[in-house]
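Grab a pencil and work through a few short exercises with me. Each one sets a task and then walks through the solution.

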Amino acid sequence: MSGEPWAFCLSFICGVGIMLFWDILHGMRHSFFHGVIGNILLDVLWWFVSVTSFLWCIWETVALRLRFFEMFAMLGGIMLYRVTVSEPLRRVFCGFFDIILKIIKFIFKILLTPARFLDKILIEPFVRNIKRRIKGGERK
């Protein structure tokens, strides 16, 4: 293909890819990141990847000569993706990252069980004994 039709197709694909990455990050945000800092980091990551990928698409096809049809193609890809496959894929990514989170929690539960047991039999009685001494007035 020549430059302009290839730039149109690549911009369209870039728009779809940008929204696919947004849905992946939405799944991560749903499962892993619940605070403001996590949202800010994921938003910055999305903007960086979006702008970089669009500029790379334009650089590869028409040497950064930005024209209206490329923006139109990217917006068309974004809209077509949102209307057709965004909701099902968003649910798939949320479910996928929920499963990964459950696996990670299970692994940590297995790894931390001995430490919890040691805490219960060694540290808690020691702390209780010290608190009892402080309340009883037996400071040394």
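**Exercise 1: the span of α4**

Compare the end-to-end distance of α4 with that of a straight helix.

Solution. Start with the count: α4 has 51 residues. A straight helix at 1.5 Å a residue would reach 75 Å (1.5 Å times one less than the number of residues). The end C-alpha atoms of α4 are only 64 Å apart, so α4 falls short. Next, look for a bend: α4 turns by about 40° at Leu 112 (the angle between axes fitted to the seven residues ending there and the seven starting there). A proline, Pro 114, follows within four residues.

A word on the model: it's predicted, so local features need pLDDT of at least 70 and side-chain atom pairs 80 or more, while totals for chains, interfaces and linings use all residues. Numbering runs from 1 along each chain as its sequence is written, and side-chain values use heavy atoms, without hydrogens and water.

**Exercise 2: inside or outside**

Decide whether Phe 106 and Cys 94 are buried or exposed.

Solution. First take the cut-offs: buried is under 20% relative accessible area, exposed over 50%, partly exposed in between (1.4 Å probe, protein chains only). Phe 106, in helix α4 (residues 86–136), has 53% relative accessibility, so Phe 106 is exposed. Cys 94 has 12%, so Cys 94 is buried. The buried residues of α4 include Cys 94, Phe 93 and Phe 97.

**Exercise 3: cysteines**

Find how many disulfides the structure holds.

Solution. Look for cysteine sulfur atoms within 2.5 Å of each other; there are 0 disulfides. For Cys 14, the nearest cysteine sulfur, that of Cys 57, is 3.8 Å away. Cys 14 is buried, at 6% relative accessible area.

Conventions. Helix = DSSP H or I, 4+ residues; strand = E, 2+ residues; numbered from the N terminus.
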